[in-house]
Amino acid sequence: MKRLFTSESVTEGHPDKLCDYISDSILDSFLEKDENSRVACETVAGKGEIFITGEITSKAEVDIEKVVRQAIKEVGYDNSEIDMDYRTCKIIISLSKQSPDIALGVDKSLETKKGEGIESEGAGDQGLMFGFACDETKELMPLPILLAHRLAKRLSEVRKQKIISYLRPDGKVQVTIEYNDGKPVRVDTIVISTQHDSDVDLDVLKKDIKDKVIKEIVPKELLDEKTKYYINPTGRFVIGGPLGDSGLTGRKIIVDTYGGYARHGGGAFSGKDATKVDRSAAYMMRHIAKNIVANGYAKKCEVQLAYAIGVANPVSIYVDTFDTNTIPENEIVQKIENTFPLTPNGIIEYLDLRKPIYKLTTNYGHFGKENLPWEKIVKL
């Protein structure tokens with residue numbers, strides 16, 4: 001049976017991703033000086049202004065404005081006429097400390113208060129988190145989002161390396177894969193919209209993107225004469241970045257995860273330290289799902305956890321292998337419970353999540369990158 005599935009990615013210069021990068025840069029700056037920092041940092045960007053808000057509780061002293069300007073510079077915004085200038089943009093900082101009501105549950109779990117265990121930290125919020133893996137690619141990620149991320153990353157590479165010198169930071173990618181009997185067989189459609197200088201000929205841009213971006217990334221065997229290409233289909237993309245559209249931390253949660261191929265619990269990642277289970281438990285769920293597939297217990301696996309605020313242990317564990325399992329799913333659940341720590345503190349210790357690693361995660365997906373701790377494969 002033939003089916004089409006589409007996923008999208010965005011470049012690091014997309015306004016939402018600029019905000020994610022700023023928030024994670026602030027998080028890393030605090031973790032570098034105090035690994036126990038509690039950070040929930042939100043960024044808003046628009047028309048020459050950056051607004052930082054949220055809650056930070058830390059022993060560290062950080063020059064937040066300096067961190068913000070450096071992050072904007074690293075992304076590539078240096079021209080206020082066509083997007084934003086890291087040197088002159090207005091930065092407003094409005095931060096407070098973590099609510100004492102939330103801290104009550106995070107500092108000491110309900111189980112500890114009842115004398116039911118030695119766990120010292122509870123979940124920082126209620127919520128549900130999903131993890132997913134499949135054997136479509138060696139990274140055990142769905143092919144549509146993997147290709148979309150690689151194309152978006154390549155867009156930034158050719159800009160920064162001056163391979164295509166007229167590109168600007170903002171850009172979006174969309175990839176449609178044709179599946180036959182559940183297996184990816186070809187690329188049906190590629191959509192790329194990239195910001196550019198005003199004097200660029202559209203035909204030149206289309207050729208450069210096809211030759212220096214698409215052909216460099218997409219395997220030849222996945223392309224054929226029927227593959228459709230839409231490159232800057234509006235015809236012009238000069239005004240971009242925060243000048244063209246506002247940005248907000250946490251607005252690209254599907255880009256960050258599985259491209260819509262698997263379910264999402266709704267919680268964003270960037271700007272949050274690991275006591276926030278929105279982030280840490282989602283990383284752990286990916287780790288677990290990946291290892292279920294890597295160990296041969298299923299070809300496709302989705303895992304869900306749910307938490308109550310202030311309670312250390314999850315309130316539920318769910319596994320779906322989509323009828324690809326090689327052992328009963330209840331046995332897989334038992335393996336999860338017997339192998340992996342699922343309390344917030346246990347996850348943090350197991351994945352070593354107090355380190356300042358979060359800028360590495362911000363762009364081109366939080367999953368499928370082999371250098372991140374939740375991507376490691378262990379024997380079950």
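Which residues lie nearest the centre of the largest cavity? The lining of this cavity comprises 13 residues, and M129, F130, H264, G265 and A282 are those nearest its centre. Two or more lining residues come from each of β5 (127-134) and α9 (277-294), and β5 gives the most, with three. Six residues of this lining are nonpolar, five polar and two charged (Ala, Val, Leu, Ile, Met, Phe, Trp, Tyr, Cys and Pro count as nonpolar, Asp, Glu, Lys and Arg as charged, and the others, Gly among them, as polar).

The model is predicted, with local features requiring pLDDT of at least 70 and side-chain atom pairs pLDDT 80 or more, whereas totals for chains, interfaces and linings use all residues. Residues are numbered from 1 along each chain as its sequence is written, and side-chain values use heavy atoms, with hydrogens and water left out.

The protein contains eleven helices and eleven strands (DSSP runs numbered from the N terminus, helices being H or I of at least four residues and strands E of at least two). Its radius of gyration is 22 Å, in agreement with the value near 21 Å for a compact globule of 380 residues (taken over C-alpha atoms, with a globule rule of 2.2 Å times the number of residues to the power 0.38). Buried residues (under 20% relative accessible area, with a 1.4 Å probe and protein chains only) make up 56% of the 380 residues.

The whole structure holds two cavities of 30 Å³ or more. On a 1 Å grid over the protein atoms alone, a cavity is a set of points where a 1.4 Å probe fits but cannot get out; a pocket is an open set with protein on both sides within 12 Å along at least five of seven lines, and lining residues have an atom within 4 Å of a point. Volumes are the space filled by probe spheres set on the points, which are joined across faces, edges and corners. The largest cavity has a volume of about 90 Å³, and the second largest about 30 Å³. Residues lining the second largest cavity include T11, L155, R159 and D170; β6 (167-180) gives the most to this lining, with four residues.

The largest pocket encloses about 500 Å³. Its lining numbers 20 residues, with K153, L360, N363, Y364 and K369 nearest the centre; ten are charged, six nonpolar and four polar. Helix α5 (143-160) gives the most to this lining, with five residues. R154, also found in α5, counts as buried because its relative accessibility is 14%.

Key:
Buried < 20%, exposed > 50% of the residue type's maximum accessible area, 1.4 Å probe, protein only.
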